[in-house]
Every structure is written in C-alpha cells, then in structure tokens.
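Subject: Handover of a structure and the findings from it

Dear colleague,

Please find below the structure that I am passing on to you. I would be grateful if you would look it over alongside the notes that come after it.

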Amino acid sequence: MRIPFLVAVMAAGVFYSYIAFADLGFMTRTGRLGPGFFPRLIGVGIIVLSIWAILDELRARGTVEDTIGYWRDALTMVGMALIYAVFLKVFGGYIATVAFLLLALTVLNKGRMRQNLLLAFLIPTGVYALFDRVLNANMPPSMIQLPI
C-alpha cells in the first residue's frame, strides 16, 4: 500500500518540478535568486526522496505488516488534517500548527511527550521566524485576534 502512495507523491513532485522549471524564473532581472529557486529545490527533493523511499520499500518487501493499525493511523491523520485546515482559518498559522503538530505527534510518537512538546513548539517557531522575520512573508492570519 505504501508503494502506490509513494508513486503518487513522486508524480506530484514531478508535476511540481515541471511547473517550477517551466514557468518560474531562476534569476530575476537584477541577478538575484528569483521565484523559481526554492520551488526547484523542493521539487527535486520530493523526487529524490520518493525514489529513495520506493527503493527502500521494495527491499523490505518480505516483511508482514499490521495493515489495520496503519489504516487507523492514516484515517486519524486525515481527520486531524481537516481539523487543522479549519483551525488555520480560525486561529491563524502559528497556533493551528502548534496544535496540529502536538496532536499528530502524540498519536504517532506515543510515549515521548517531552520530545513531542518540544517539536510542536520549536518547528512552528522556526518556520515563523524564517518566513515572517527573514523572508518577510506573512503567516496565515486568524479570524480571532489572540494576544500573542
């Protein structure tokens, strides 16, 4: 079941890379990195990592897996992603991402609450610092103004 998913991810990466290479310029007229630089890196990274994961899965093909547990986790993650989309509009990018990561890591990384809390706060904080402070790009705004 993983291989079809990984092939779909790789196909999406190929499409994303095609758009990045065909439509977005690598450099601006002034000689600075253009809007196509980062999407090209991401697209190529998706393709390379997908191929790596497919090959790894093909090598480990002989093992028997408990597929019922994987389906339950997958459906739980889909439900949490839908809730995250709603929270993103209501509470904004930072708070929604902290809540989603904390919930997702609690489900997928059981028994490591300290690590889950640390990751749930540090990753969104790092993304916020990168986008809002360094790249001067805004995080998704919230409908409710919370004092942060």
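The notes below begin with the protein as a whole and then turn to two helix pairs and to selected residues.

Overall composition

Please bear in mind that this is a predicted model. The protein has five helices and zero strands, so that its elements, read from the N terminus, follow the order α-α-α-α-α. Of the 148 residues in the protein, 20% are buried. The exposed surface of the protein comes to about 11000 Å², and carbon and sulfur atoms supply 72% of that area. As to contacts between residues at least 6 apart in sequence, 51% join residues that are at least 24 apart.

Helix 1 and helix 2

Helix 1 covers residues 2–23, and helix 2 covers residues 37–59. How are these two helices placed relative to each other? Their axes come within 8 Å and cross at roughly 160°. Angles over 145 degrees count as roughly antiparallel, and helix 1 and helix 2 are therefore roughly antiparallel to each other. The crossing of helix 1 and helix 2 is left-handed. By class, the residues of this contact comprise 18 nonpolar, four polar and three charged.

Residues of helix 2

Three residues of helix 2 deserve a separate note.

Ile-47 lies in helix 2. Leaving aside residues up to four places away in sequence, Ile-47 touches Met-10, Gly-13, Val-14 and Ser-17. Ile-47 and Ser-17 are 30 residues apart along the chain, with their C-alpha atoms separated by 8.6 Å.

Val-44 is likewise placed in helix 2. Is Val-44 buried, partly exposed or exposed? Its relative accessible area is 38%, and partly exposed covers the values between 20% and 50%, so Val-44 counts as partly exposed. With residues up to four places away in sequence not counted, Val-44 touches Ser-17 and Phe-21. Ser-17 is thus touched by Ile-47 and by Val-44. Val-44 and Met-10 are 34 residues apart in sequence, and the distance between their C-alpha atoms is 9.8 Å.

Trp-52 also has its place in helix 2. Trp-52 has a relative accessibility of 58%; because exposed means over 50%, Trp-52 counts as exposed. The C-alpha atoms of Trp-52 and Leu-6 are separated by 9.8 Å, while the two residues are 46 apart along the chain.

Helix 4 and helix 5

The second pair consists of helix 4, residues 93–108, and helix 5, residues 113–134. The axes of helix 4 and helix 5 come within 9 Å and cross at roughly 150°. Helix 4 and helix 5 are therefore roughly antiparallel to each other, and their crossing is right-handed. Which residues make the contact? From helix 4 they are Tyr-94, Thr-97, Val-98, Leu-101, Leu-102, Leu-105 and Thr-106. From helix 5 they are Met-113, Asn-116, Leu-117, Leu-119, Ala-120, Phe-121, Ile-123, Pro-124, Thr-125 and Tyr-128. By class, the contact of helix 4 with helix 5 has 13 nonpolar, four polar and no charged residues, whereas the contact of helix 1 with helix 2 includes three charged ones.

In brief, both pairs are roughly antiparallel; the crossing of helix 1 and helix 2 is left-handed, and that of helix 4 and helix 5 is right-handed.

With kind regards

Notes
Residues numbered from 1 in each chain as written. Predicted model: local features only at pLDDT ≥ 70, side-chain atom pairs only at ≥ 80, totals over all residues. Heavy atoms only, no water. Helix = DSSP H or I, 4+ residues; strand = E, 2+ residues; numbered from the N terminus. Buried < 20%, exposed > 50% of the residue type's maximum accessible area, 1.4 Å probe, protein only. Contact = heavy atoms within 4.5 Å. Areas by Shrake-Rupley, 256 points an atom, 1.4 Å probe, with all protein chains shown as cover. Axes fitted to C-alpha atoms, helices over the stretch in contact; angles between N-to-C directions. Parallel < 35°, antiparallel > 145°, perpendicular 65-115°, else oblique. Left-handed = near helix turned anticlockwise from the far one by under 90°. Nonpolar A, V, L, I, M, F, W, Y, C, P; charged D, E, K, R; others polar.
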